[in-house]
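Work through the exercises below with the structure at hand. Each task is followed by a solution in steps.

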Amino acid sequence: MQRAGKGKTPRRPKKPSNIEKDPVGVYCRIRPLGGEDEECCVEMISNSTIQLHAPDGLKANRNGEYKEMQYSFKKVFGIKTTQLELFEDVAKPLIEDLIHCKNGLLFTYGVTGSGKTYTMTGSPGEGGLLPRSLDMLFNSIGPFQAKRFVFKPDDKNGIEIQNQVDALLERQKRDSQQSVPKTPSSRQKVDPEFADMINPDEACKSESVDEDCCYSVFVTYIEIYNNYVYDLLEDAPFDPVRAKPPQSKILREDQNHNMYVAGCTEVEVKSTEEAFEVFWKGQKKRRIANTQLNRESSRSHSVFTVKLAQAPLDADGDHILQDKNQVNVSQLCLVDLAGSERTNRTRAEGSRLREAGNINQSLMTLRTCMEVLRENQMCGTNRMVPYRDSKVTHLFKNYFDGEGKVRMIVCVNPKADDYEETLLVMRFAEMTQEVEVARPVDRPICGLTPGRRQRNQAFKDELSRRLEDRGGPCNGENPVLLNQLIESLPPLPPCELSDPSDDQALPRLIEVLERRHRIRQMMTEQFNQTANTMKSMLQQFDSQLNAKETVVYDQRSKLGEKDKVIVNQRTEIERLEKKSKTLEYKIDILQKTTEMYEQDKRSLQQELEGREQRLQKELAERRRMEQRMQGVVTDTKLKWEKECERRVNAKQLEMQNKLWVKDEKLKQLKAIVTENSDPGSGPTEQPGKPERPSRERDRNIAQKRSASPPPLPGNVFKTRGGGQAVQFTDIETLKQECPTVPSRKRRSGSAEGPAQTDIENRAPMANTSSSHGYQKRRRP
Ligand code: ADP
Ligand code: MG
């Protein structure tokens with residue numbers, strides 16, 4: 001907890017619910033084709049849209065069915081775009097932000113040879129975004145820069161403020177050591193490669209710099225190769241004989257949760273030229289390392305960071321306010337990413353392949369991070385963003401998690417060879433545009449009266465003008481005052497010195513002059529006293545005024561904050577109102593739906609009940625039917641049982657009759673035999689034609705023979721042959737009762753068999769018919 005008010009690195013927002021967000025600004029720059037006869041596969045169809053045409057070879061491979069794809073960006077820069085135009089659209093707002101304590105990240109993305117380095121660094125006469133940014137920054141803050149070492153980076157990504165004396169001592173120490181290069185006094189001293197990067201006519205400047213602040217610029221330059229971080233400004237000399245690989249650095253998080261490269265060299269620069277020189281030094285180091293270690297420069301990411309520290313002037317406008325709470329630090333990262341091509345395209349082998357894999361891996365991680373971020377933002381999910389999977393994404397974590405303005409320039413080489421890689425680049429760009437980053441908030445103003453620097457300057461100017469007028473410092477008295485003063489002094493006595501040894505006039509003169517001298521001394525003392533009183537009064541007034549102004553500023557800033565809160569609350573209220581309206585509407589709809597469902601339910605229940613009742617009825621009906629059927633079955637069964645019995649009896653009777661007839665014949669035969677032997681006796685019947693015994697007679701005979709009346713329905717009697725026979729006495733009765741006898745003939749040949757002539761046989765048949773008749777009547 002050493003210093004709470006240390007120079008603050010870009011702060012993390014406290015995650016209020018209503019942070020304003022802006023999407024990542026994605027721009028597209030198309031570079032000119034290398035040769036005029038080359039096939040072009042990119043067409044700019046508007047200033048925000050490009051169209052990709054599949055090259056001829058590819059079309060043929062896919063039966064000419066290749067889709068023409070269109071991609072839109074915040075803005076598209078065609079082949080004729082100058083470096084200045086690009087700078088004004090893309091980087092200038094970032095420099096404005098930087099000056100106003102807001103962070104920025106600008107990176108170029110594309111395949112190797114698409115113009116990333118050209119866009120970022122440029123070439124002599126056609127400086128890229130980096131030199132132009134530095135130039136604009138120094139053009140804007142140039143006269144307001146603090147003396148060297150007034151701001152001093154600590155080793156924890158913060159910036160401290162030193163008093164004038166410490167800064168002076170450090171300056172003297174530096175001058176004696178000469179370790180840090182001094183600001184070159186003219187462009188002749190600058191590396192020729194770097195001279196005249198920018199045409200002086202094209203110089204840019206911010207018009208809204210706070211003049212009541214003091215500024216200092218620090219730069220760092222790192223390279224990320226194979227997922228290792230190297231400091232390109234480190235002073236350790238590179239040994240060309242025994243090339244040992246440079247030491248890699250680690251990433252740390254500062255107390256504000258910003259990532260930084262631990263132990264990275266931060267160089268304070270005071271002019272565009274000096275900053276260029278530092279950049280170029282790093283660039284050279286990079287080139288040497290790449291050659292010595294046989295590395296592929298297109299596979300490394302380079303990150304040039306411009307850090308701007310600012311602190312307000314004190315109330316006098318003369319010195320920096322020695323209040324560490326008032327130091328603000330903002331930074332702009334300018335990143336030239338590695339080529340985004342796939343490994344197989346470059347046909348890398350061995351260790352190169354591993355490197356390429358890693359580089360692609362870090363770009364893949366960048367892609368994954370963007371995807372996850374976008375998903376989290378769009379779907380409200382909270383998936384972990386894998387920033388830590390690569391150094392590049394880890395370093396820029398806070399831009400996406402915290403706040404800042406992020407811009408990406410997608411560089412495109414329209415040549416046909418790059419077509420497939422360009423497609424992948426476009427897809428990444430399209431997705432990245434949907435990621436949103438919290439908008440940096442305005443820093444609170446310090447509360448001192450504005451215009452302090454100007455007032456102080458005016459005072460100084462006036463002072464030096466007056467000094468110049470008088471040819472040197474003296475007590476300023478105007479001639480009128482001087483005359484008055486002389487008049488108020490005792491007059492000189494009239495004296496004419498004629499003799500050097502005049503002992504009358506000379507002592508008088510001496511006396512008067514001495515008196516005058518005393519008066520003058522008194523007056524001076526008095527004047528000084530009055531002046532001092534005046535001065536202290538003025539100082540008192542001034543401090544009172546300052547205090548009042550501070551209070552007013554305080555109140556104003558508080559008012560401003562309150563206003564902001566009110567506006568936020570209002571928008572929140574509006575949002576909530578809208579939400580509640582939508583919810584009410586939804587509830588309405590749900591209620592209606594519920595009612596509908598309830599009605600449906602009721603009607604379905606009614607239907608169900610009706611059906612149940614019907615079912616019950618049918619069931620009861622069925623049971624009744626069953627019972628009825630059972631009754632019928634039992635009846636029929638009984639009937640048939642009786643019928644069978646009757647039939648059996650009839651058959652028996654028939655057989656009995658046959659037996660009886662045979663008996664009778666035998667008897668008649670016997671009688672004939674006896675008649676022949678005794679002619680006088682016997683009945684007077686016709687001889688040779690025996691009478692057919694009728695049942696009537698048979699019965700009579702049986703009655704005669706039987707002593708007791710025969711039992712009903714049949715009687716058992718002894719046959720003449722010595723056997724027994726049963727006579728069914730009611731057969732005749734049945735025959736007479738039968739109502740269907742006349743219809744017998746009609747029914748002959750029916751399923752009931754051939755018509756029977758035998759009376760005895762008819763009875764059961766008649767009975768059967770009658771039973772049929774009965775059945776018919778019972779049928780419901
Ligand atoms: P990268 O860094 O993407 O690999 P470079 O920036 O090195 O690509 O560009 C490759 C070549 O193309 C360089 O010679 C560069 O001068 C040229 N170039 C790139 N973009 C442009 C452009 N917009 N106008 C003119 N030349 C360009
Ligand atoms: Mg490059």
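**Exercise 1.** Find what an oxygen atom of ligand 1 lies 2.9 Å from, and list further polar contacts of the ligand.

Solution. The model is a predicted one.
Step 1: a polar backbone atom of K116 is 2.9 Å from an oxygen atom of ligand 1.
Step 2: for G115, a polar backbone atom and an oxygen atom of ligand 1 are 3.1 Å apart.
Step 3: R31 takes part through its side chain, with a polar atom 2.7 Å from an oxygen atom of ligand 1.
Step 4: a polar contact is a pair of N or O atoms within 3.5 Å, so the pairs at 2.9 Å, 3.1 Å and 2.7 Å qualify.

**Exercise 2.** How much of the accessible area of ligand 1 does the protein cover?

Solution. On its own, ligand 1 has 550 Å² of accessible area, and the protein covers 66% of that.

**Exercise 3.** Describe the shell around ligand 1 by residue, class and element.

Solution.
Step 1: the surrounding residues are R29, R31, P32, V111, T112, G113, S114, G115, K116, T117 and Y118.
Step 2: sorted by class, three are nonpolar, five polar and three charged.
Step 3: helix 3 (residues 116-120) supplies three residues, the largest share of the shell.

**Exercise 4.** What is the volume of the second largest pocket, and which residues are closest to its centre?

Solution.
Step 1: the volume of the second largest pocket is about 1000 Å³.
Step 2: its lining has 47 residues, of which P153, C264, T265, E266 and V267 are the closest to the centre.
Step 3: by class, the lining of this pocket contains 20 nonpolar, 11 polar and 16 charged residues.

Conventions: Residues numbered from 1 in each chain as written. Chains lettered and ligands numbered in written order. Predicted model: local features only at pLDDT ≥ 70, side-chain atom pairs only at ≥ 80, totals over all residues. Heavy atoms only, no water. Near = heavy atom within 4 Å. Polar contact = N/O pair within 3.5 Å; in protein donor to acceptor, adjacent residues only side chain to side chain. Areas by Shrake-Rupley, 256 points an atom, 1.4 Å probe, with all protein chains shown as cover. Helix = DSSP H or I, 4+ residues; strand = E, 2+ residues; numbered from the N terminus. Nonpolar A, V, L, I, M, F, W, Y, C, P; charged D, E, K, R; others polar. 1 Å grid on protein atoms, 1.4 Å probe; cavity = no way out; pocket = protein on both sides within 12 Å on 5 of 7 lines; lining within 4 Å. Points joined across faces, edges and corners; volume = space filled by probe spheres on them.
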